[in-house]
Amino acid sequence: MNDPAAPPPDAAGSPAPGLPDRDRAVLAMERRSWSGPGAKERAVREQLGMSPVRYYQLLNALLDDPRALAHDPVTVNRLRRVRDEKRTRR
């Protein structure tokens, strides 16, 4: 996967240490905008090969992972704010 937000490879050509490719793909999915209901869930199944339930479980865990914050602070902080707002309303 060619993610422009991914850290550059090291001198040996392997990705820089940090998040696994799957976790980077989850964050990349969250950066996109979606045309309508069901489009995101369909993309999760087709592109990531996982159920939407598993996707959201992984995403929620990523929000507490400091590596995710270092990789994509804008997306992680936005999703943390949304999560915190939902918790406050409960």
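This passage describes the helical architecture of a predicted model, then helix α5, the largest pocket and the residue K40.

In the predicted model, the secondary structure of the chain amounts to five helices and zero strands, arranged along the sequence in the pattern α-α-α-α-α. Of the 90 residues in the chain, 34% are buried. When contacts between residues at least 6 apart in sequence are considered, 46% of them join residues at least 24 apart.

Helix α5, spanning residues 73-89, comprises 17 residues and reaches 24 Å from its first C-alpha to its last, a value close to the 24 Å expected at 1.5 Å a residue. The buried residues of this helix are T75, V76, L79 and R83. These four residues lie on the same side of α5, because they cover an arc of only 95° around the helix axis. An α-helix has 3.6 residues a turn, so residues three or four places apart point the same way. The buried residues of α5 pack against three other helices, namely α1 (21-31), α3 and α4 (66-71), whereas the face of α5 turned away from the buried side carries the exposed residues V74, R81, T88 and R89.

Helix α5 also contributes to the largest pocket, which has a volume of about 300 Å³. The lining of this pocket is formed by Y56, L59, N60, L63, L79, V82, R83, K86, R87 and R90. Both α3 (52-62) and α5 (73-89) supply at least two residues of this lining, and the largest share, five residues, comes from α5. In chemical character, the lining residues divide into five nonpolar, one polar and four charged. Two of the lining residues, L79 and R83, are also among the buried residues of α5, so that the side of the helix on which the buried residues lie is represented in the lining of the pocket.

A further buried position is found in helix α2 (residues 39-48), where K40 is located. With a relative accessibility of 13%, K40 counts as buried, because this value falls under the 20% cut-off. Apart from its neighbours within four places in sequence, K40 is in contact with E30, W34, Y55 and Y56. Of these contact partners, Y56 is also one of the residues that line the largest pocket.

Terms used: Residues are numbered from 1 along each chain as its sequence is written. This is a predicted model: local features need pLDDT of at least 70, side-chain atom pairs count only at pLDDT 80 or more; totals for chains, interfaces and linings use all residues. Side-chain values use heavy atoms; hydrogens and water are left out. On a 1 Å grid over the protein atoms alone, a cavity is a set of points where a 1.4 Å probe fits but cannot get out, and a pocket is an open set with protein on both sides within 12 Å along at least five of seven lines; lining residues have an atom within 4 Å of a point. Grid points are joined across faces, edges and corners, and a volume is the space filled by probe spheres set on the points. Ala, Val, Leu, Ile, Met, Phe, Trp, Tyr, Cys and Pro count as nonpolar, Asp, Glu, Lys and Arg as charged, and the others, Gly among them, as polar. The expected span of a helix is 1.5 Å times one less than its number of residues. Buried means under 20% relative accessible area, exposed over 50%, partly exposed in between (1.4 Å probe, protein chains only). The arc is that of the directions from the helix axis to the C-beta atoms. Contact means heavy atoms within 4.5 Å.
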